[in-house]
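Me: Could you take a close look at one part of this model for me, the place where the ligand sits? I'd also like to know how the rest of the protein fits around that picture.

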Amino acid sequence: MTHGLRGNRIFTLTGFQNTKAEREFDTIIAGGGAAGVGAAVGASLAGAKTLLVESGGSLGGAASLRGVITYCGVYTFEDPPRQVVHGVMREVLERLASRSAVTGPHRHRGVFLVFDPEANKRVLDEVCLDAGVNLSFHSRAIRVHKEGNRLAGIVLETAGEFSEVTANSFVDATGEATLAHLAGASTRYGNAGNQLNLGSLATRFGGISAEASVTADDIAAAVAESRGRGIGPFSKDKSVVCRLPYSADLVIYVASHDYDPRDRSSITEAELAGRRQAEAYLEAVRTIPGCERAYLVSTGPEFGTRESRHLNCVYQLTWRDVMNKRGFEDCIALGAWGAEWHERETFGSVMEAAPGNGFYQIPLDCLRSVDTCNLLAAGRTADGDRKAGAAIRVLGTAIATGQAAGVAAAQIADSGGISVPDLQRELFTQGQTATPEQLAEMRVKPPWEPAPREFAKAKIRGILFGGRD
Ligand SMILES: Cc1cc2nc3c(=O)[nH]c(=O)nc-3n(C[C@H](O)[C@H](O)[C@H](O)COP(=O)(O)OP(=O)(O)OC[C@H]3O[C@@H](n4cnc5c(N)ncnc54)[C@H](O)[C@@H]3O)c2cc1C
C-alpha cells in the first residue's frame with residue numbers, strides 16, 4: 001500500500017508494493033504517438049505543466065513502432081491540395097524538411113507525405129522538449145486512481161518498478177484506449193456489429209534501385225504469380241506503395257491477420273503469421289523488375305493495429321456528418337482523409353473520399369469522455385462511427401485531434417472546465433486551424449515554400465519554438 005499526494009489530499013493505492021509517489025502535473029498524456037505528441041505540445045503551449053508517458057523508448061507511436069511512414073490527413077484530395085492541419089504538424093514537417101527527410105505531397109487514394117522514420121523520432125523529441133513537455137519513456141500506464149468521476153493519478157511500470165503520477169486532467173492517446181479502460185470509463189471495441197478495421201504488419205524492403213518503379217498493381221501481379229507457383233502464405237495483395245527518402249526502400253502494408261490486440265494469444269499468433277507472410281512477400285517482390293536483389297530491412301517491429309477500443313464520448317462523429325459537411329460550433333480540427341476501410345474477412349480495402357475531396361469538421365464532443373469529466377480522447381481513441389472513425393484515425397488528423405485535446409485538458413486543469421471559444425482561439429494562436437474560418441484566414445504555404453510574414457509572426461513559430469526563421 002502506498003500513498004500519493006494530490007493537492008492537499010492524500011489518496012491510497014493498493015496492490016503495488018514500493019510504488020514511488022512522484023510529482024504532480026497539471027495534465028498527463030498517456031501514449032506518445034502522433035495524437036500524444038499533438039496533445040502534449042498543445043497542453044504545454046497552453047500553459048499546463050505536462051507529462052507525456054510512453055511505454056516504448058521513443059515518440060511516434062505507429063510511425064516508430066509499426067512502420068507507418070506517411071502523414072495522411074494533412075492535405076485535402078483537391079487539385080491543388082489544401083493543407084488543413086497546421087500547428088504542431090506544421091512544425092514537425094518544417095523540421096523534417098530542414099533535414100530533407102520528408103517528401104512533397106503524393107496523390108494516391110488521398111494526399112500524403114512520406115517521411116524518414118528515424119528523423120521523425122528526433123523531430124518529435126525536439127518539438128516536445130522545445131515546447132516544455134516532460135517526457136517519460138519506458139513508462140507503461142498499468143493502473144489508475146479515480147476520485148468519483150474524475151481521474152486522479154496513474155501508476156506507471158518501468159522494469160518491474162512502479163511509480164505514480166498525478167494530475168488534474170488526462171488525455172488517452174494510447175491507441176487502445178488503455179487508460180480509459182483501466183479507469184473504468186465507458187469504452188467500446190470497434191464499432192456496432194463487430195465492425196473493426198483489419199491490422200497489418202508493415203514490411204520494408206531494401207536493395208531496390210531508386211530508379212525502379214514499383215506500383216500497387218506490380219505488387220498485386222507479383223503476388224498472384226507467386227501464389228500460382230505455390231508460394232505463400234499471402235493475405236492482402238494491394239497496398240499503398242511508399243518509397244522512403246534517403247534509401248528509396250519500399251514499404252508496403254500487405255501482411256495481414258485478423259486478431260484481437262487485447263488478447264495476448266491472439267496477437268502472438270498475428271505476429272507469427274505476419275512474419276511468415278513477410279518472407280513470402282519478399283519472394284514475390286523479387287520477381288518485379290529492378291527488385292531482384294531486394295531484402296527484408298524490417299517488419300513492424302510490431303503488428304499494426306488499425307483499430308481497437310474507442311472512448312464513448314459526449315458525441316460520436318458520423319460519416320453522415322462528414323458527407324453532409326456538417327458544421328459544429330465546437331469544431332476543433334479539420335479532417336481531410338476519407339473513410340479507409342480494411343475488411344477483416346476479405347482482406348480487401350476500400351476508400352470513400354470526403355465530399356468534394358475537401359475537408360470536414362471534427363467537434364470537441366467526440367473527444368470528451370461521456371462519463372469521466374477530466375479525460376479526453378485523441379487520435380485512434382476518438383469517437384467516430386465505422387467510417388468516420390476510419391477517416392479521423394490517420395496520423396495528420398491524430399496530431400490535430402491531439403493538439404485540441406491537449407489544449408482542452410490544459411483548460412480543465414486550470415479552471416475545471418472548457419470554454420470552446422477560448423479553446424478555438426488558443427488553437428489558432430498555436431498555429432492550428434480549428435475552424436474553416438481560421439483556415440481561410442491562415443493562408444499558409446507548404447513547408448518547402450517560404451512561410452508568409454504573418455505566419456512567421458505566429459506564436460508557435462515566434463515565441464514557443466525559439467523564434468527560428
Ligand atoms: C498497417 C497500418 C498502416 C497505416 N498507414 C497509415 C498511413 O500510411 N498514414 C497515416 O497517416 N496513418 C496510417 N495508419 C494509421 C495510423 O498509424 C494510426 O491511426 C495512428 O498511428 C494513430 O495515432 P495515435 O497516436 O492515436 O496512436 P498510436 O500511433 O498507436 O500511438 C499510441 C502510443 O501509445 C503508447 N501506449 C500504448 N499503451 C500505453 C500505455 N498503457 N502506457 C503508455 N503508453 C502506451 C504506444 O506505445 C504508442 O506509442 C496506418 C495504421 C496501420 C496499422
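**Around the ligand**

Reply: Keep in mind that this is a predicted model. The ligand has 41 residues around it, and the closest are Gly31, Gly33, Gly61, Gly304 and Gly379. As for secondary structure, the elements that each put two or more residues into this shell are helix H1 (34-45), helix H2 (62-65), strand S6 (70-72), strand S10 (140-147), S15 and helix H10 (395-415). Sorted by class, the shell comes out as 16 nonpolar, 18 polar and seven charged residues. Both domains chip in: domain 1 (1-193 + 309-469) and domain 2 (199-299) each supply at least three residues to the shell.

Strand S15 (199-206) also leads us to helix H7, since the buried residues of H7 pack against S15, along with helix H6 (216-228), strand S17 (250-257) and strand S18 (295-299). Those buried residues are Ala270, Gly274, Gln277, Ala278, Tyr281, Ala284 and Val285. Looking down the H7 axis, they fall within an arc of 125°, so they line one face of the helix. On the other side, Ser265, Thr268 and Leu272 are exposed. The length of H7 (residues 264-285) checks out too: at 1.5 Å a residue, its 22 residues should span 32 Å, and the end C-alpha atoms are 31 Å apart, which agrees.

Zooming out, the protein has 14 helices and 24 strands. Of its 469 residues, 53% count as buried. Among contacts between residues at least 6 apart in sequence, 74% join residues at least 24 apart.

Key. Residues numbered from 1 in each chain as written. Predicted model: local features only at pLDDT ≥ 70, side-chain atom pairs only at ≥ 80, totals over all residues. Helix = DSSP H or I, 4+ residues; strand = E, 2+ residues; numbered from the N terminus. Expected span 1.5 Å × (residues − 1). Buried ≥ 20, exposed ≤ 12 C-beta atoms within 10 Å, placed from the backbone. Arc of directions from axis to C-beta. Contact = placed C-beta atoms within 7 Å. Near = placed C-beta within 6 Å. Nonpolar A, V, L, I, M, F, W, Y, C, P; charged D, E, K, R; others polar. Domains from an automatic or database assignment.
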